Amino acid sequence: MEASEGKSKKPGASRLCCLCNQRRPVLKRPKTLQQICRECFYEVFEEEIHQVIVGNRLFKSGERVAIGASGGKDSTVLAYVLSELNRRHNYGLDLFLLSIDEGITGYRDDSLETVKRNEVQYGLPLQILSYKDLYGWTMDEIVKMIGLKNNCTFCGVFRRQALDRGAALLKVDKLVTGHNADDIAETVLLNILRGDIARLSRCTSITTGEDGPIPRCKPFKYTYEKEIVIYPSLLKLNFDTLTYDIRMLISRSWTTSPPNVSIYSPNAYRGFAREFIKDLERLRPRAILDIIKSGEDFRIATTTKMPEQGTCERCGYISSQKWCKACVLLEGLNRGLPKMGIGRARGGVNGDHKKETKKPPASAAKSLESKQCGSLDF
């Protein structure tokens with residue numbers, strides 16, 4: 001009789017969390033495929049990030065740290081987790097939120113509202129800078145001039161410099177971004193496909209820009225994108241496109257990143273690498289970390305000529321050319337020649353001279369804050 005009752009039980013009905021062996025599991029962890037409970041997921045998710053921070057010595061007590069905040073899942077979870085770990089483990093950091101408004105109607109305006117709510121929820125000071133204020137152009141205006149084909153070049157270059165300029169305004173020591181393991185694996189593949197040796201040699205570094213004015217850190221280097229989505233859904237954190245992300249994750253039809261990407265980049269080259277990574281992850285979750293490990297182990301031949309970094313003659317930003325890419329692109333826009341800075345330099349501002357490179361001075365951060373980009377005051 002007892003044997004028949006035991007056979008009638010549904011398989012897995014009495015299964016417990018494989019970590020604590022006390023509570024019922026609520027999810028299969030994407031990174032390891034372990035069946036774990038809510039509490040254990042919180043613990044391992046946060047502890048792994050803490051170990052990455054401590055193991056790589058990302059911060060020092062007393063440092064001012066800006067968090068690049070877009071209002072999306074990565075930056076919102078980063079802001080929450082970093083503020084929690086800072087309090088729990090006594091990092092001794094002064095944290096700030098830094099947001100960039102690209103001027104994309106229907107995309108950035110909504111997510112900035114999320115960042116403003118995060119400012120109140122987490123008690124972190126917020127600084128917002130816009131492309132319009134920094135460069136005199138919004139992305140809407142740039143797209144009207146350049147079209148949809150090359151607009152990602154403008155947005156990526158402008159956004160990177162805008163974050164550095166915002167960090168300089170806040171007088172921070174470090175800038176942290178929400179780049180996750182999926183992002184880094186995608187970047188490794190992209191740099192291989194493009195033959196970009198310079199970027200390939202540094203794209204897996206957890207800290208970059210140490211020779212520049214403000215180093216950048218990636219605490220989520222080994223954190224899977226799907227887990228970053230699961231974490232706030234269980235905690236009910238407030239971030240943009242949460243409902244869609246969870247619906248897609250549950251339906252298991254999430255083969256590419258959710259649509260918290262720019263409306264102007266539906267066919268961006270990175271999207272194809274992202275889809276390939278997602279296909280690999282479905283077959284073998286460990287593939288993401290393996291690609292990152294491969295990128296870390298790449299060795300550049302000593303005969304390979306690498307670009308030497310100096311400073312832009314116009315705005316003082318780090319550049320291996322006479323003018324930085326932002327100034328070249330901005331010059332083209334202001335002259336009505338938006339394609340002038342697209343592709344590799346051939347003639348023009350950076351192509352008709354023998355560049356002289358020099359190491360950025362120690363006062364680069366101050367220079368970056370005080371100088372103008374292109375012909376616009378900053």
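This report walks through the overall make-up, the central sheet, the nonpolar cores and the annotated binding-site residues of a predicted model.

Let's start with the totals. The chain has 378 residues, and 49% of them are buried. DSSP-style bookkeeping gives 16 helices and ten strands. If you look at contacts with a separation of 6 or more, 68% of them join residues 24 or more positions apart. On the outside, the accessible surface is about 19,500 Å², with carbon and sulfur atoms contributing 50% of that.

Now for the sheet. Six strands form an open sheet with mixed pairing, in the order β5-β4-β3-β6-β8-β7. The edge positions go to β5 (126-130) and β7 (207-208); each has a single partner strand, so one side of each has no neighbour in the sheet. Further in, β3 (residues 64-68) pairs with β6 in the parallel sense over three bridges, and one place to see this is Ile-67, whose bridge partner in β6 is Val-176. Helix α3 (residues 73-88) packs on this sheet and touches β3, β4 and β6, with its direction at about 155 degrees to that of β3. The pairing of β3 with β4 is parallel too, over five bridges, and here Val-65 sits opposite Leu-95 of β4. With partners on both counts, how covered is β3? Mostly: four of its five residues are buried. A further helix, α7 (residues 151-170), lies across β3, β4, β5, β6 and β8 (216-217), and runs at about 140 degrees to β4.

Next, the nonpolar cores. The largest has 39 residues, and the members touching the most others are Phe-41 and Phe-59. Two or more residues come from each of α2 (38-55), β3, α3, β4, α4 (108-122) and α10 (225-235). Leaving out residues up to four places away in sequence, Phe-41 touches Leu-27, Ile-36, Glu-227, Ile-230, Tyr-231 and Leu-234. Another core lies apart from the largest one; it has 37 residues, including Ala-66, Ile-100, Trp-137 and Ala-168.

That brings us to the annotation. An unreviewed UniProt entry lists Gly-68, Ala-69, Ser-70, Asp-74, Ile-100, Gly-178 and Asp-183 under "binding site". Two of the listed residues, Ile-100 and Gly-178, get a closer look here. The contacts in the table leave out residues up to four places away in sequence.

| Residue | Place | Relative accessibility | Contacts |
|---|---|---|---|
| Ile-100 | strand β4 (residues 94-101) | 1% | Arg-108, Leu-129, Tyr-131, Arg-159, Ala-162 and Leu-163 |
| Gly-178 | loop between β6 (174-176) and α8 (181-194) | 12% | Asp-74, Leu-78, Asp-183 and Phe-220 |

Why does Ile-100 count as buried? Its relative accessibility is 1%, and buried means under 20%. Gly-178 passes the cut-off as well, because its relative accessible area is 12%. Ile-100 is also a member of the 37-residue core. Gly-178, in its loop between β6 and α8, touches Asp-74 and Asp-183 among others, and both of those aspartates are on the UniProt list.

Methods
Residues numbered from 1 in each chain as written. Predicted model: local features only at pLDDT ≥ 70, side-chain atom pairs only at ≥ 80, totals over all residues. Heavy atoms only, no water. UniProt positions renumbered as here; feature names shortened; annotations may be inferred. Buried < 20%, exposed > 50% of the residue type's maximum accessible area, 1.4 Å probe, protein only. Contact = heavy atoms within 4.5 Å. Areas by Shrake-Rupley, 256 points an atom, 1.4 Å probe, with all protein chains shown as cover. Pairing = 2+ DSSP bridges. Axes fitted to C-alpha atoms, helices over the stretch in contact; angles between N-to-C directions. Core = buried A, V, L, I, M, F, W, Y, C linked by side-chain atoms within 4.5 Å.
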